Amino acid sequence: MTEKVMIFDSTLRDGEQTPGAKLNQEEKLKIAKQLARLNVDIIEAGFPVSSPGELKAVQNIAKEVKGPIITGLARIVQGDIDDAWEAVKYSERPRIHIFAGSSDIHIQKKFGKDRDTILDLAVEAVKYGKRLTSDIQYSLEDATRSDEDYMCRVIEAVIKAGATVVNIPDTVGYAVPEQYGQLIKNIVNRVPLIDKVTLSVHCHNDLGMAVANSLIAVQNGARQVECNINGIGERAGNASLEEIVVALLIRQDYFANYRTDINLREIYKTSRLVSSLTGIPIPVNKAVIGINAFAHSSGIHQDGVLKDKSTYEIIDAELIGGRAAVMVLTARSGRHAVKNELQEMGFTLGDEELEQFYHDFIDLADKKKEVFREDLEALMADRLAYAAPTYTLDYLQTVSGTKSIPSAVVKLKKEDSTFISTDCGAGPIDAAYNAIDKITGINPRLDNYNLRGVTEGRKALGEVSIKLTFGEKTITGRGTSTDIIEASVKAYLHGINKYIMISALNGNGDYKKDIVKGQP
Ligand code: KIV
Ligand code: ZN
C-alpha cells in the first residue's frame with residue numbers, strides 16, 4: 001500500500017515573491033484554476049494582509065477554485081489572521097497558514113524577543129485561528145537553523161493549541177539531505193502528538209538541494225511537500241513541484257511506498273502558463289520541463305535514442321503532457337537522425353537521395369549552428385524546385401540602353417501550358433520580374449541581389465543569388481548563366497518555384513511522397 005504525499009503549491013505566494021514576478025488578480029486566478037486541473041492538494045494563494053489587492057486575489061480564488069484546499073499566509077498577529085480568514089473563508093476547504101521564526105537568529109534579530117515569548121505568541125495565534133476555522137497550519141520559519149529541543153517544544157505546543165499541519169521549512173536553503181532527513185526523523189520520534197498532524201516540509205534552493213531535501217523528508221515521515229511550479233520563489237527559488245512528483249514516479253523502485261495524486265499530463269501546460277504570466281523564463285536545461293530536457297544533440301545520443309529511447313531517456317515527454325523528444329540537428333547529427341526527421345515530416349528518401357540531401361544538410365549545418373524543421377523544409381523545397389519546377393523559362397528578350405525604356409518579353413511554361421507577358425521597369429531585370437509577376441500572380445519583394453562570377457574571364461558563368469519576401473516568408477533563389485539577365489530571371493523563378501513548393505508542402509501531402517532525385 002502506497003502512502004499519499006500531499007502537494008502544497010505555493011507558486012502564488014512564495015513563487016510570486018520571485019523578484020519581478022508580480023501577478024495581477026486575473027493572472028493569479030488563471031494559474032489557480034490550472035493548479036486545480038493539475039490536482040494539487042493545497043493552493044497557497046497569497047499573503048492577504050500584504051495589500052487589499054492581494055486579499056481580493058486570494059478571495060477570488062477561494063470563491064472560484066474548487067477541489068484543492070485554499071490557504072492564505074499570516075504572521076502570529078491577529079490582524080494577519082483576520083485578513084487570511086477574510087480571504088479564504090469562501091473556499092469549500094479553507095486553511096489558515098500561520099508562521100513565525102524559530103531560530104535564535106530570527107527570534108533575536110528579527111523580533112528582538114526571546115524563545116518563550118515567541119512560543120507563547122505562536123500558541124495564541126493558533127488558538128485565535130482555530131476559532132475561525134478548523135484547519136490551521138503552523139510553520140517554524142528557519143527551522144533548519146533552529147535549536148532542535150526548542151523546535152520540538154514549539155511543535156508540541158502548537159499541536160496542543162489546535163494546529164492540524166506542522167511545517168518544518170528550510171527557509172534559507174541551508175540543509176543538506178542526510179541532515180534534513182535526520183531532523184524530520186527526530187521530530188517524528190520526539191514530539192509526542194506528532195501523529196495527530198500532517199508533517200510538512202518547505203525547502204528553498206540556495207544550495208541547489210531543495211528537491212533532494214524534500215524527497216528525503218518524505219522518506220523520514222513528511223506527508224506534505226511544499227513546492228512551486230518551475231521552482232520559482234525567493235532568491236534561488238523553492239523546490240520544483242514537477243521535479244518532486246516526477247522523481248517519485250520515475251523512481252518508483254526507490255520511492256515504492258509513496259505516491260502523489262498529481263495529474264502529470266498537466267505539468268507542461270502549467271509550467272508554460274506560470275512562465276508566461278510571471279515573465280520568469282524556464283531555463284533550457286531545467287529538469288523535467290526545460291526545452292533541452294527532451295532534446296538530443298550529440299550524434300551518438302541521437303543514434304542511440306532512435307534505436308531505443310531508453311538508451312538516453314528516462315522520462316517520456318508525453319508523460320508530462322509535453323512534446324515527444326526532439327532531435328536538435330547540428331553538424332554532429334548523423335544520416336540516421338536526418339532521415340528520421342525527414343520521415344516525421346513526411347518525406348521518404350532512398351539511399352542515394354538521402355546521401356545528396358545529407359550533403360546539403362551538412363553544408364547548411366556548418367553555417368548555421370542548429371538546423372530546424374523549417375530549414376529542412378527549405379532544403380527539400382530547393383531540391384524539388386530544381387527537380388520539378390512549376391514554372392520554367394522558355395523565352396526571354398529584354399531591351400535596355402541609354403535612350404530606351406527598359407522592357408522585357410517573357411515566355412514561361414507550366415506543365416502543358418505556355419504563358420507570355422511583357423512589361424517595362426527600372427532596368428531590364430526589373431522589367432522581366434514585372435512580366436513574370438503578371439503571369440504567376442505572385443508579387444514577392446526583392447530584398448537582396450548578389451551577382452558573382454563562378455568562372456573567370458569575359459565568358460564567365462554568372463551566378464545570381466537573391467532573397468525574396470512573400471508575406472512573412474523569406475526565400476532564397478539561385479540562377480546561373482553566362483547572361484546575367486537570364487541568370488537573374490532563373491534565380492527569380494527558382495525563388496517563386498520554391499515558394500510554391502513550400503506552400504504545397506505545408507498545405508497538402510502530395511509532395512510528401514518519395515522524392516525524385518533533385519539536381520541542384
Ligand atoms: O521559507 C519559509 O520559511 C516560508 C514560510 C512562510 C513557510 O516561506
Ligand atoms: Zn519559503
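**Briefing: cores, zinc site and Glu54**

Set aside neighbours within four places in sequence, and Leu140 is in contact with Ala100, Ser102, Met151, Val154, Ile155, Val166, Asn167, Ile168 and Pro169. The model is predicted. Leu140 belongs to the largest nonpolar core, which has 96 residues. A zinc ion (ligand 2) and the buried residue Glu54 complete this briefing.

**Nonpolar cores**

- Residues with the most contacts inside the largest core are Ile43, Tyr138, Leu140, Ile155, Ile168 and Tyr180.
- Helix α6 (residues 148–161) supplies the largest share of this core, with nine residues.
- This core lies between domain 1 (3–278) and domain 2 (295–371), because both give residues to it.
- A second, separate core has 45 residues, including Ala337, Tyr358, Leu379 and Tyr492.
- In soluble globular proteins, nonpolar side chains tend to be buried together.

**Zinc site**

- Asp14 (OD), His202 (NE2) and His204 (NE2) coordinate the zinc ion (ligand 2).
- The coordination distances run from 2.0 to 2.2 Å.
- Along the sequence, the donor residues of the zinc ion (ligand 2) follow the spacing D-x187-H-x1-H.
- His202 and His204 are both buried.

**Glu54**

- Glu54 sits in helix α2 (residues 52–64).
- Glu54 counts as buried because its relative accessibility is 9%, and the cut-off for buried is under 20%.
- Leaving out neighbours within four places in sequence, Glu54 is in contact with Glu16, Lys28, Ala45, Gly46, Phe47 and Pro48.

Definitions and conventions
Residues are numbered from 1 along each chain as its sequence is written. Chains are lettered from A and ligands numbered from 1 in the order in which they are written. This is a predicted model: local features need pLDDT of at least 70, side-chain atom pairs count only at pLDDT 80 or more; totals for chains, interfaces and linings use all residues. Side-chain values use heavy atoms; hydrogens and water are left out. A nonpolar core is a set of buried Ala, Val, Leu, Ile, Met, Phe, Trp, Tyr and Cys residues joined through side-chain atoms within 4.5 Å. Buried means under 20% relative accessible area, exposed over 50%, partly exposed in between (1.4 Å probe, protein chains only). Helices (H or I, at least four residues) and strands (E, at least two) are DSSP runs, numbered from the N terminus. Domain bounds come from an automatic or database domain assignment. Contact means heavy atoms within 4.5 Å. Donors are N, O and S atoms within 2.8 Å of the metal (3.2 Å for Na, K and Ca); water is not among the atoms, so sites may look incomplete.
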